[in-house]
Amino acid sequence: MLRFVVRRLTLLVPILLGLSILLFLWVRALPGGPAEALLGERATPEAVERVKRLYGLDRPWYEQYLTWVGNVFQGDLGVSSRTQHPVVEELLRTFPATVELALTAMIFAVGVGVPLGYLAARRHGTWADHLSVAGSLFGITIPVFFLGYMLKFVFAEKLGILPTDGRQDPLIDAEHPTGFYVLDGLVTGNPEAAWDAVTHLILPAIALGTIPLAIVVRITRASVLDVLHEDYVRTAEAKGLRPGTIRGRHVLRNALLPVVTVVGLQVGLLLGGAVLTETVFAFPGFGKFVADSIAARDYAVLQGFILFTAVIFVLVNLLVDVTYGVVDPRVRAG
Amino acid sequence: MVFRQRGRPDVRAVDGVGFSVAPGETVGLVGESGCGKSVTSLAVMGLLPRRGVRVEGSVAFDGTELLTLPPDKLRTLRGRELAVVFQDPMTSLNPVVPIGRQVTEVLVRHRGLNEGEARREAGDLLRRVGIPDPSRRLREYPHQLSGGMRQRALIATALACRPRLLIADEPTTALDVTIQAQILELLKTLVAESGTALILITHDLGVVAGMCDTVHVMYAGRIVERAPRHDLFGAPRHPYTGGLLASVPRLDQPRGTRLAPIAGSPRDTIAWARGCAFAPRCPNRVDECTCATPELLGGRHGLRCFNPLRSGPVQEVAPR
Amino acid sequence: MSLAQVETVAPEETGGSLGRDAWRRLRRNPVAIVGAILVIMFVALALLAPWLAPYPPDKPVGQVTPTSIPGPSAEHWFGLDDLGRDEFSRVLWGARWSLVIGVVSLLLGLIGGMVLGLLAGAFGGWVDGLVMRLVDIMLSVPGLLFAIGIAAMLGSGLDAVMIAIAVVNVPIFARLLRGQMLAQRQSDYVLAAKAVGVRRRRIVLGHVLPNSLTPVIVQGTLTLAVAIVDAAGLAFLGLSSNDPSIPEWGRMLADTQRYLSSAPLLAVFPGLAIIIAALGFTLLGESLREALDPKYRR
């Protein structure tokens, strides 16, 4: 198992190396080059010259690249031209919010999607099945931000049962030691703050989780359909086992394997979608921060976010592969 | 047994298949692929999908009518009184569950053993079906076992609760020839020991010759001939049975003798309602065969034919 | 194996019957019909927008103030937008822009992916290794973020959006085509064709490529849907054209955010338009996949 993990980690090295080169070149290809990217569009030529000397941008490109990679390894992703704070600091400050939101969205997608997909497969060919298939195709095509608007309009503005934006009601006196507001409310013994944070998560999480939900429904349905036709399920039936045993041990344990992979792949989608969702709900996570940075042409932030997201994405999928190895004995062996 | 598919006329796949099995007896169901053998076995077990298939008639098990039995009652019989070994051991075991658990789950379910007792019992079962080092094998997963080992494990599972009826559906077809004989021998011994009635489904007359007391030959969903093993091999009356026997290599013929395949393929058939389904391929065909439906007549040696073979070639098929 | 037997497994044979078979299944599938109708409707409205639109999309045709934006009426079916322009005409013209963005970005992405995929599939060896590493790297960045990065690099504008979405699709098509080429190269009918001495170029052009194209058509249809939605997303983030006179669905949505409580329909119309267009291509693509995939023939 350890060898498996090490082998997968070594496979990551060329990917991250290549990505770093691409991102390095990307900043150099930006309009006005890296100095302007650092200073913003309205920099004076003198300031640009000064920054170029200061950051060694007048040196050969390979030297610059090595310096940059060295900085990245020391946790230095540059400075945001908009806030004048180090990108890493901004990232750490805003990331818990995004993680909290993405996790909630994933729980929504898997918690609703797997049972729905299973039921659709069991009722294969009935109207309930057709409805879930049509619904999931529909769900895939709804633009995240449009869904966000509609949820916000109906549940927050018209019905007024959920908050429109933010992470926490400013009137609530809450401490935030971890940055995960629900958790914060619980550990500081403030259930009111925790519940308030939950209500702020519901609408954005549904908006962000709908595409993953649709995908999870589809893949679960297809996978369960495949497994239901397997000989070993017939064997289990022939053994006269209880329906619950057949469902859990023989159908779902096999059918959920592809679902695990797909859930891992959704993490990228969630982090990308967070930029849109957090903008709609003014949710102060990293997605919102990036969206604001885009508007301000703050490229250091964008560069840091893309690198960071790619690393997370790749690591999560490594984790998925490892999980797969634990669940599926055939992978463990090979 | 009627198969229905939306937008298409119902298909009567199997019709008028009647037979009985006594405790300790082995009955063979023989025919080419697609003739309805496996579907018959699934119908007996109640394993056909509820939607799209209609089973008519009667399946009586020790006085209990299985076709009308509620699903949960049937479930308590399956695996305990009725068991089945399927054709393909490669796909019939759950790949992500250890072998041990797949054996013990039957014991836990039907005999109410706790996990520890069930594990000990499962070890004994594996030993009885000839799996060496059972305690290690119990922990392993199906992909770590050979095809023969897997089929032994499946047999162990099927026999775990000493069922009174075992259906073996082509139990050796997917295995190597050398393993086939071992598995058949194993089945024979175990059935003899426990007094289990066995329905052996196969397309291989060699298997039947070595195992069965009574043989039913099926063609296109109906039984065309049924007889005690010795009568059938000694004096086949139906032209189809004769054809099957003639297409099997025999030890008593001089080397170089050509095998005689049955002309045509199972697709060359006509509906039973209009005549004899075998008529298009039959060497003994008479006019009657294509205008009237033959009935299964005769007692011990039953036959569905207008123009049977008069005196079949006396022969002995090498038992497998 | 005789020549006659090779003939029976040649792709022209299977391809032909597969195509006819697929067409028959497609016509019987209600999902495909609905998808096709939506796609035809979308394309027709996009092409005919200049003639169908009752008003110019970029000029005010009525009086509005931020507090009173007139809703749908007999003259203005979808009402007026925040600048007094006819919303219905703008949605129609928006279809035109969506179609242009979708088709152009699809074609660019397809060409790029084809070049990379064919290079990798045809040469193999280190070319294959290099191309596939590049594909892996590109796929390690989530699609929308990737597009945001490219669009930001190119500066804003519709061409930036099209190129950004195209670049995101390149690795997807490259991987698909390479996989197809490899699978086809090792398939029985290619071996059979080789065995009877068909020349290499004829095998690739006559057998391998046509058979590889089926999944590309499916993927292309689905990609159009994603392209339309992603283009709207980029516009929403302000990465599309700065020209406010260009009626683009994503931008229309973003611009009306401020009026969500007073004139929610201004968001609903372009939103529904995006969904209808994307849904049409998705339904059509999915049913094409089902029709063409032998696995689904039950």
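Here are two short exercises with worked solutions on this predicted model.

Residues are numbered from 1 along each chain as written, with chains lettered from A and ligands numbered from 1 in written order. Local features need pLDDT of at least 70 and side-chain atom pairs count only at pLDDT 80 or more, while totals for chains, interfaces and linings use all residues.

**Exercise 1.** Work out how H1(A) and H5(C) are oriented to each other, and sort the residues of their contact.

*Solution.* Start with the geometry: helix H1 (residues 2-29) of chain A packs against helix H5 (residues 125-139) of chain C at about 75°, with the axes 9 Å apart. Helices here are DSSP runs (H or I, at least four residues). That makes H1(A) and H5(C) roughly perpendicular (65 to 115 degrees). Next, who touches whom? H1(A) brings Pro14(A), Ile15(A), Gly18(A), Leu19(A) and Leu22(A), and H5(C) brings Arg133(C), Leu134(C), Asp136(C) and Ile137(C); contact puts C-beta atoms, placed from the backbone, within 7 Å. Sorted, that's six nonpolar, one polar and two charged (Ala, Val, Leu, Ile, Met, Phe, Trp, Tyr, Cys and Pro are nonpolar; Asp, Glu, Lys and Arg charged; the others, Gly among them, polar).

**Exercise 2.** Place Asp62(B) in its chain and decide whether Asp62(B) is buried or exposed.

*Solution.* Check the backbone: phi of Asp62(B) is positive, about 55°, though Asp62(B) is not a glycine. Most residues other than glycine have a negative phi. Now the location: Asp62(B) sits in the loop between strand E5 (60-61) and strand E6 (64-65) of chain B; strands are DSSP runs (E, at least two residues). Finally, Asp62(B) has 10 C-beta neighbours inside 10 Å, so Asp62(B) counts as exposed (12 or fewer; buried takes 20 or more).

Definitions and conventions
Axes are lines fitted to C-alpha atoms, for helices over the stretch in contact, and angles run from 0 to 180 degrees between N-to-C directions. Angles under 35 degrees count as roughly parallel, over 145 as roughly antiparallel, 65 to 115 as roughly perpendicular and the rest as oblique. Two residues are in contact if their C-beta atoms, placed from the backbone, lie within 7 Å.
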